[in-house]
Amino acid sequence: MTTRTRTQSPPASRGADRHELIRVHGARVNNLKDVSVEIPKRRLTVFTGVSGSGKSSLVFDTIAAESQRLINETYSAFVQGFMPTPARPDVDVLEGLTTAIVVDQQRMGSDPRSTVGTVTDAHAMLRILFSRLGTPHIGPPGAFSFNTASVRASGAITVERGDEKAVKATYERTGGMCTRCEGRGAVSDIDLAQLYDDSKSLSEGAFTIPGWKSDSFWTVGVYAASGFVDPDKPIREFTEQERQDFLYREPVKVKVKGVNLTYEGLIPKIQKSFLSKDKESMQPHVRAFVERAVTFTTCPGCDGTRLSEGARSSKIEGINIADACAMEIRDLAEWVRGLSEPSVAPLLAALGGTLDSFVEIGLGYLALERPSGTLSGGEAQRVKMIRHLGSPLTDVTYVFDEPTIGLHPHDIQRMNDLLLRLRDKGNTVLVVEHKPETIAIADHVVDLGPGAGTAGGTVCFEGTVDGLRGGDTVTGRHFDDRAALKESVRKPSGALEIRGATAHNLRDVDVDIPLGVLTVVTGVAGSGKSSLVHGSLGTSSGAGGEGVVSVDQSPIRGSRRSNPATYTGLLEPIRKAFAKANGVKPALFSANSEGACPTCNGAGVVFTDLAMMAGVASPCEDCEGKRFQASVLEYRFGGRDISEVLAMPVTEAEEFFGSGEARIPAAHRVLGRLADVGLGYLTLGQPLNTLSGGERQRLKLAVHMAEKGGVYVLDEPTTGLHLADVEQLLGLLDRLVDSGKSVIVVEHHQAVMAHADWIIDLGPGAGHDGGRVVFEGTPADLVATRSTLTGEHLASYVGA
């Protein structure tokens, strides 16, 4: 017998060993100025810099975008025809790329049929489980799906095979959808009292709908002259037929004053004209009307479970699928572990693994029935992480966008451990982050800046965390900043009483929120902060009859045709001023209306669609990217044409419209608010789709500051803000309070907690372990008692 021995030979140097870096040379995407960096592979690299400095442009729009584009090119031309076709980023050299998996903080779609269970495949596995083990057996997995309707059909079909012959066929599919609410769990109802005053006739101006005036020919005039109702009779005296025609009549052609128009019942007309639109894009008074007029109530047919009676009748050990989806995920994981059935062992193992991932990532307090649109940005990002936690893939580039958003300081350590675990499996982890706790665990740091917008877009520092601390960059200087507790706090001028709050996991909470001060509501993720503030305050009640202005985390909807000037309403007074000064129509000064360049339709670029290849966007040769007709640019106001005004940064425009012949008070007020929230560097015409997450939220805050309200409710306003920007935000909050407003902030950032006049801490845990007020008082008292998790972390932060 011969024995084979294996000797350990020294590792030979291979050509592949040279590819240990991701090399970027000459990146010019958005505001990047010929950026060149070398990023080590299989390491954790954190990208820092003030909001708008170019972090996302480098990481997402350059590195991740090119990696995904190259992977798409490996598919056949046929498959590529069905896929999005992003253009190659504007960069000279990109080397060493690996497959990129992007885990961003985009909120999940708010489709009413989308839940935590459906977006993570956990619900699909539960449906299979109940179809195999549930008693009585009611059908295949689709019978437990609230997105699948039951279908029955019968008739004759012709089979074209040999002698054509008609064959009688029946078709049946059992679905789990509740027929009353069509799987939504809630039914909508329109409050007729909000649409009209039934004591008046149409000719007396009965309608109370915004924009529906009694002399309006196109709205009220159609109803009055249609012949279906008597315009001089009070609505409450309508006959049954008149009422039916008035409210529910199907669309029908009528002739009014010689013009052919479409008459349609009031309810379907309101649904089409108001309810089909995005509420966020509506004017404030229209949005308030819609919120008053439409009520959503739990479906009486399924009691909010979305499921048919058959789906709810099938049970495993006394639990039906609706009960399982209503459990907190950590409890559901325990229940699944208790099931022992060899025939479905692989399914139970896979389902248990997915549910355990929820618990491990800190989302065990959620339920699978939770609508995905109600998740915060941080929760949505962690839900997307779940499918990657147990992945056996290595040498993958994971790209995270501020993974600590929405996390209490107590939970940040857990997130850090997950990032390090992904790295230690042999992956490259790229993180855009502002929190010093996460920057501190980086192997490599890339700091962009020095400023934002046109003042940024360069690499200020590359190296270790210790090197960043000692470096002379904005991030380095602020890295060890710690806000101190206030020496004295403001005295409240009153209180907003909340009694018996039970929304979501709140446990009959009674609390007084002081008015006239800066109040911070805090607690671990899932403790009930948003439920208390948004669910109990609402958006219309307030102090002394004044309204509540709520600024949440919902995204701004905006295309490349939208910009800060259009979104804030700033362009309206500017257009009117240009029109008045030149004696022409205001519509000429809109790139989306009559003034648009006819070649590019006001887009500034010409798109060439190349089917499955990436489309090409080239600057319009006629208007040279200015978006307006040449004749429009001849009109001037204050010595500038409209394209030059839109190219101004906010600070320059504020000075321009503040005095002299170009003075426009209405425009100057809007520009002042934009400067107040720290957006002085943005140009008025910058497309909204190029703004970072932090910039979008501050833009929204600037718009809401114009609303007349006594109470401002802000949901994590530090999202996307650099350490240096947080100081400016605290100054803004102080100015709001000093001007007589009450400010309530839902926040995890310790600097905001330390700066508060009053803290309300919820907990002690998340889900059913939370929902109680565990502390009320000043930040100094919270630090002194250290009675809660928040108190311990705040004491550590301020060095007490």
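## A tour of the predicted model

Colour the protein chain by pLDDT, the predictor's confidence in each residue on a scale from 0 to 100: the average is 87, and 92% of the residues score at least 70. This is a predicted model, in which local features need pLDDT of at least 70 and side-chain atom pairs count only at pLDDT 80 or more, whereas totals for chains, interfaces and linings use all residues. Residues are numbered from 1 along each chain as its sequence is written, and side-chain values use heavy atoms, with hydrogens and water left out.

With the whole chain in view, the C-alpha atoms fill a box of roughly 105 × 80 × 70 Å along the principal axes. The secondary structure comes to 28 helices and 27 strands, these being DSSP runs numbered from the N terminus (helices: H or I, at least four residues; strands: E, at least two).

Select residues 1-9 next, where pLDDT stays under 50 and the model has zero contacts (heavy atoms within 4.5 Å) beyond four places in sequence. Over residues 539-545 the pLDDT is also below 50, but this stretch has 12 contacts beyond near neighbours in sequence. Where pLDDT is low, the predicted coordinates should not be read in detail. For strands to set side by side, take strand 3 (residues 44-48), where confidence is highest, at a mean of 97, and strand 23 (residues 616-619), where confidence is lowest, at 76.

Now show helix 4 (residues 122-133) with helix 12 (residues 345-360), whose axes come within 10 Å and cross at roughly 150 degrees. Axes here are lines fitted to C-alpha atoms, for helices over the stretch in contact, and angles run from 0 to 180 degrees between N-to-C directions. That makes helix 4 roughly antiparallel to helix 12, a term for angles over 145 degrees. In helix 4, display A122, M125, L126, I128 and L129, which meet L347, L348, A350, L351 and T354 in helix 12. These residues divide into nine nonpolar, one polar and no charged.

Keep helix 12 on screen and add helix 11 (residues 329-337), which packs against helix 12 at an angle of about 155 degrees with the axes 9 Å apart. Helix 11 is therefore roughly antiparallel to helix 12. The contact is made by I329, R330, L332, A333, V336 and R337 of helix 11 and L348, L351, G352, L355, D356, F358 and V359 of helix 12. By class, this contact has nine nonpolar, one polar and three charged residues, with Ala, Val, Leu, Ile, Met, Phe, Trp, Tyr, Cys and Pro counted as nonpolar, Asp, Glu, Lys and Arg as charged, and the others, Gly among them, as polar.

Definitions and conventions. Parallel < 35°, antiparallel > 145°, perpendicular 65-115°, else oblique.
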